[in-house]
Amino acid sequence: MRRRRIGPIGFGGGVPERRAAGSLSRVPALATTSLLTTTFLLATALAAPIPANAGPKVGQALTGPKVGQALAGPKVGQAVVAGREVAGRESGPPTVDPDDVRFARRTLRSGRPQQVGLLPEYVDRLRADAEAYLVPTPDHPNFPTYAGAVLLAAKDGVVVAHEAVGTAVRYASVGPAPERAGVELPADQQIPMRRDTIFDLASISKLFTTVVALRQVERGTVDLDAPVVDYLPEFAAGGKEAVTVRMLLTHTGGLPAFAPLWSSYPTPEEREAAALATPFASGASPGNQYVYSDLGLIALGVLVERVTGRPLEQLVAAEVTGPLRMRDTGYNPAAALRHRIAATEYQPYADRGMVWGEVHDENAWALGGVAGHAGLFSTAPDLAIFCQMLLNGGEYRGARILRESTVRDMLVNYNAGLETRYPESDRGLGLELNKHWYMGGLASPVTFGHTGFTGTSIVIDPLSHTFLVLLTNRVHPDRNWGSNNVARRALAADLANAIPVRPPLGGTAWRADDRDGGSVTLTAPLRRPAGRTTVASFHLWYDTEPRYDVLHFQTSADGGETWAPVDVTLLGPGGRWTAEGSVTGYGGRRWWQAFAELPAGATDLSWSYATDVSSRGRGVYVDNLLVVGTNGLLFSGEGSDAARFTSTGWTPSSR
């Protein structure tokens with residue numbers, strides 16, 4: 001069943017309007033009211049008068065229904081939040097899809113973080129964190145993550161950070177295994193990174209091949225659901241007649257990930273023919289698996305060349321980079337630009353030495369430097385234009401590259417049916433979706449981007465109209481020095497944290513500490529054991545890595561010695577849903593009004609957040625806890641009980 005989209009989209013969010021405690025009589029009465037509805041009304045009646053950072057004074061009496069007093073209930077099929085009715089049936093957790101994305105035409109300009117509502121201290125961390133990975137770190141201990149990097153971050157069309165760190169060219173070669181130490185160039189031959197350094201984009205090139213192909217789809221010369229053999233008859237080799245163009249874009253065609261074309265065939269023509277003739281991976285069939293495949297995008301590049309009668313590099317220039325005025329973007333850069341290009345890898349096995357100024361990918365190199373999967377060079381400012389074009393719905397500065405409807409189609413997760421077997425399979429048309437391993441706190445079901453093997457990445461969050469370009473030469477001098485995913489996540493976290501999550505009523509909220517591979521717990525010890533009818537009311541904001549980072553709701557009846565899960569009902573302007581003991585994944589980027597019916601005898605309520613060893617979302621916040629029952633007020637988190645919380649790994653946060 002499709003999950004209900006609930007509430008406004010954004011990192012912050014309002015809370016439902018509150019009504020005074022005496023307004024319960026305005027709710028239509030029913031002869032029969034569920035226990036949970038009764039406790040909703042009881043909690044909201046008592047919670048309503050409490051302003052931000054305030055609560056009853058010590059010894060102050062609270063007004064509300066007397067013990068045993070009858071309470072009016074909602075109509076069948078309705079929930080009650082803050083003393084008012086909310087129509088709608090119980091639904092699943094919130095989600096968002098491409099129809100919810102709102103495009104806005106913006107032109108990039110430089111500005112300050114405060115102009116677009118960002119917290120400057122987190123934006124300032126981008127450079128510091130990028131610099132930190134120029135040397136070994138605890139999360140990348142054996143070698144530097146990269147020799148250098150260029151980053152560019154923007155929100156609402158305002159470029160708030162554009163920095164260059166480290167060196168573009170540092171090493172001459174690599175020493176022998178197992179140490180594989182870098183042999184540095186003399187200091188006067190090293191080249192520092194600059195903000196307009198040109199990088200080998202590696203697999204980000206696939207996005208440009210995708211855009212060229214989708215322009216042909218818009219013109220009607222290519223059908224996404226047509227077999228590839230309609231355009232490339234030789235692709236039928238190996239039984240691939242049923243593979244469609246869409247399957248190439250979503251990496252579900254059954255093709256192998258890679259083949260050593262460069263070393264197996266003597267000429268570019270034979271290498272291309274071999275790529276098209278490659279049979280299915282073992283056990284694969286069209287549409288039934290997800291395998292990220294360079295070979296599929298090589299085929300797509302050949303397909304658009306065959307349909308148009310023009311080379312891929314001319315198509316990309318004429319249809320994308322030229323209209324967008326991306327002047328530093330293209331294949332096979334001129335020798336005169338070499339001083340601006342970041343070096344990549346020492347490749348003696350390919351008789352290439354230190355690769356600098358020509359494509360790193362061996363297959364793209366062996367195909368003449370131009371291929372559907374790799375070969376493009378660009379800069380951070382040029383890629384910023386490309387990102388903003390997509391955020392604008394396919395247009396930039398009057399140049400229409402794609403229709404808005406096409407961009408929305410690119411954001412559909414066509415691999416949703418494969419997620420159970422392939423959890424990392426979320427893909428649109430050419431785009432990666434919702435990849436926490438490099439998108440971090442910017443991830444959502446419609447956040448999109450791509451990475452490149454050389455150390456490049458773009459992350460585009462259409463919900464906050466934010467993007468991050470990170471270009472590094474992490475393979476310089478040796479790919480075996482390791483991935484730069486730790487740096488990708490760190491910088492994505494900085495930009496995500498710069499988007500404030502304001503407590504719903506001001507002041508501070510409890511926030512779970514941002515850490516990998518741990519469990520942090522916030523506990524509220526009740527004044528006395530819960531009675532027969534007791535409810536906890538609180539506000540909740542969460543955004544975590546789905547399945548792997550989970551917030552658990554628990555109660556204890558023995559002072560915290562043992563714990564049991566408790567269901568929590570979350571209500572928002574558009575509906576309600578019940579979390580059965582835990583939540584994980586996308587939380588709608590809004591505050592929820594949450595209610596939990598506590599079992600009789602409960603002595604404590606806790607929120608325990610457990611994370612895996614890497615990758616996180618934006619985090620978890622809890623605020624405005626109130627626990628009441630027929631035996632009185634049991635906890636007032638904004639009042640006299642504020643100091644009674646016990647916390648391991650949760651801290652107060654105002655943003």
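The side chain of Thr472 reaches the backbone nitrogen of Arg474 at 3.4 Å. A polar atom of the same side chain lies 2.9 Å from the backbone oxygen of Gly455. Both are polar contacts, meaning a pair of N or O atoms within 3.5 Å; within protein, one must be able to donate a hydrogen and the other to accept it, and residues adjacent in sequence count only if both atoms are side-chain atoms. The model is predicted: local features need pLDDT of at least 70, side-chain atom pairs count only at pLDDT 80 or more, and totals for chains, interfaces and linings use all residues. Residues are numbered from 1 along each chain as its sequence is written, and side-chain values use heavy atoms, with hydrogens and water left out.

## Two strand residues

Thr472 is found in strand β20. Helices (H or I, at least four residues) and strands (E, at least two) are DSSP runs, numbered from the N terminus. Thr472 is buried, at 1% relative accessible area. Buried means under 20% relative accessible area, exposed over 50%, partly exposed in between (1.4 Å probe, protein chains only). Leaving out residues up to four places away in sequence, Thr472 touches Tyr146, Gly148, Ala149, Phe199, Thr454, Gly455, Thr456 and Asn484. Contact here means heavy atoms within 4.5 Å.

Ile458 sits in strand β19. Its relative accessible area is 0%, so Ile458 is buried. Residues up to four places away aside, the contacts of Ile458 include Ile204, Leu207, Leu383, Cys387, Tyr438 and Phe448. Leu468 and Val469 are also among them. The C-alpha atoms of Ile458 and Ala384 are separated by 8.9 Å, with their positions 74 residues apart along the chain.

## Helix α7 and its cover

Helix α7 covers residues 294-308. Its 15 residues should span 21 Å at 1.5 Å a residue, and the end C-alpha atoms are 22 Å apart, which agrees. The expected span is 1.5 Å times one less than the number of residues. Eleven of the 15 residues are buried, so α7 is mostly covered. The buried residues are Asp294, Leu295, Gly296, Leu297, Ile298, Ala299, Leu300, Gly301, Val302, Leu303 and Val304. Their cover includes α3 (205-219), α4 (245-250), α5, α6 (268-277) and α8 (312-321).

The ends of α7 also have details. At the N-terminal end, Ser293 is the cap: a side-chain oxygen lies 3.2 Å from the backbone nitrogen of Leu295. After the helix comes Gly309, with a positive phi near 75°.

Helix α5 (residues 261-264) holds Trp262. Neighbours within four places aside, Trp262 is in contact with Arg271, Tyr349, Ala350, Glu362, Asn363, Trp365 and Ala366. The C-alpha atoms of Trp262 and Ala350 are 9.0 Å apart, although the two residues are 88 residues apart along the chain.

## A helix pair

Two packed helices are described by the angle between their axes and the distance between the axes. Helix α2 (residues 120-132) packs on helix α13 (residues 485-497) at about 170°, with the axes 8 Å apart. That makes α2 roughly antiparallel to α13. Axes are lines fitted to C-alpha atoms, for helices over the stretch in contact, and angles run from 0 to 180 degrees between N-to-C directions. Angles under 35 degrees count as roughly parallel, over 145 as roughly antiparallel, 65 to 115 as roughly perpendicular and the rest as oblique.

From α2, Tyr122, Arg125, Leu126, Asp129 and Ala130 meet Ala490, Leu491, Asp494, Leu495 and Asn497 in α13. The residues of this contact divide into six nonpolar, one polar and three charged. Ala, Val, Leu, Ile, Met, Phe, Trp, Tyr, Cys and Pro count as nonpolar, Asp, Glu, Lys and Arg as charged, and the others, Gly among them, as polar.

## Backbone angles in loops

| Residue | Backbone feature | Loop |
|---|---|---|
| Pro178 | cis peptide bond with Ala177, omega about 5° | between β7 (171-174) and β8 (182-184) |
| Pro477 | cis peptide bond with His476, omega about 15° | between β20 (466-472) and α13 |
| Arg397 | positive phi, about 50° | between β15 (395-396) and β16 (399-400) |
| His465 | positive phi, about 55° | between β19 (456-461) and β20 |

Neither Arg397 nor His465 is a glycine. His465 counts as buried, at 16% relative accessibility.

## The chain as a whole

The protein chain has 13 helices and 34 strands. Of its 655 residues, 59% are buried. Among contacts with a separation of 6 or more, 74% come from residues 24 or more positions apart.
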